[in-house]
Amino acid sequence: MNDMSPDSYVTADGRTIGGVVMEMKNITLRFGGVVAIKDISFDIREGEIRAIIGPNGAGKSSMLNVISGFYVPQEGEVWFRGKRRPQMKPYQVASQGIARTFQNIALFDGMSVLDNIMTGRLTMMKTGLLSQAMWFGRAEKEENHHREQVEKIIDFLEIQNIRKTPVGRLPYGLKKRVELARALAAEPKLLLLDEPMAGMNVEEKEDMSRFILDVNDEFGTTIALIEHDMGVVMDLSDRVVVMDYGKKIGDGTPDEVRGNQAVIDAYLGVAHD
Ligand SMILES: Nc1ncnc2c1ncn2[C@@H]1O[C@H](COP(=O)(O)OP(=O)(O)OP(=O)(O)O)[C@@H](O)[C@H]1O
């Protein structure tokens, strides 16, 4: 699954966690007078499930937006696969193998599940309309390949029965699953999930947790996620970054974070256990 770098290790459940793939170094992000992120550093290792938690307004989404290139920090550096990342547009970040889902579902309601998932492959499509017209065979072959990959994801996430359904008609939990499918269609190396369980009932949360674990396990996808449900975060994650008012107040395994007094004071102590 991963290159066995010297600092690789195998988790209790038998997954291999490799070296650092993404490193945020002293990131500061301001919106006018509001400092959303204050001098935060942390890393993400290959194959791990890394959570970012914190109370409302702590800066979690802002951090995910920095990783995905939607926001450019005023200070600090983003390193990816051992290289400093220059300022990039989100589509350029996506083409490096980083895909994301959004806090508020961002699908095309009028389009079928299948077509929505196909849009996740846009960054990988080589033949445009002109070449399709001029060199149909090659374009057709490529289209078939994309369809095959999408069908695999549809099977994996168990959504065969809704593949032709317009997304707008689906219940919330399934829409979130389709969003995950669309992100996976880009075959990401690093998958960013912005509150994947928000608004879900217990059963939907269990399903989504299982799919996140399966994606990580089956495809070796590194996952960084923001989530409010503490139970979910502690069960799923290998390591957790805790933010509060734009600052990092904790970073470690779920057990380390649970025992961190600053975290308890800021967040966990307030009826989130
Ligand atoms: N586009 C923006 N323009 C101005 N201020 C912003 C913008 N995005 C975020 N902020 C501010 O930055 C701070 C951090 O917001 P952010 O959404 O990153 O926090 P969060 O931890 O994700 O919160 P929540 O859990 O409520 O989603 C907040 O004070 C917020 O109002």
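Two strands pair if DSSP finds at least two bridges between them. Strands here are DSSP runs of E with at least two residues, helices are runs of H or I with at least four, and both are numbered from the N terminus. The model is a predicted one: local features need pLDDT of at least 70, side-chain atom pairs count only at pLDDT 80 or more, and totals for chains, interfaces and linings use all residues. Residue numbers start from 1 along each chain as its sequence is written.

**Exercise 1. Work out which strands pair with β3, and in which direction.**

Step 1: Find β3 at residues 20-31 and look across to β6, residues 75-80; five bridges join them, and they run antiparallel. As an example, methionine 24 has valine 78 of β6 as its bridge partner.

Step 2: Now turn to β4. Eight bridges tie β3 to β4, again antiparallel, and methionine 22 is matched with isoleucine 44 of β4.

Step 3: Check the turn. β3 and β4 make a hairpin with two residues between them, and glycine 32 in that turn has a positive phi of about 60°.

**Exercise 2. Describe the surroundings of β10.**

Step 1: Go to residues 222-226; five of the five residues of β10 are buried (20 or more other C-beta atoms within 10 Å of a residue's own, with C-beta atoms placed from the backbone).

Step 2: Sort them by face. Thr222, Ala224 and Ile226 sit on one side, with Ile223 and Leu225 on the other, and both faces are covered.

Step 3: Look for partners. β5 (residues 49-53) runs parallel to β10 with four bridges, and isoleucine 49 is bridged to isoleucine 223. β9 (residues 190-194) is also parallel to β10, with five bridges; there, aspartate 194 pairs up with isoleucine 226.

Step 4: Follow the chain from β9 through α7 to β10: this β-α-β crossover is right-handed (with the strands pointing away from the viewer, the path from the first strand over the helix to the second runs clockwise).

**Exercise 3. Say what surrounds the ligand.**

Step 1: List the neighbours, among them Phe31, Val34, Asn56, Lys60 and Ser61 (each with its C-beta atom, placed from the backbone, within 6 Å of the ligand).

Step 2: Assign them to elements. β4 (34-45) and α1 (60-67) each supply at least two residues of the shell, and α1 gives the most, with three.

Key: A residue is buried if 20 or more other C-beta atoms lie within 10 Å of its own, exposed if 12 or fewer, and partly exposed in between; C-beta atoms are placed from the backbone.
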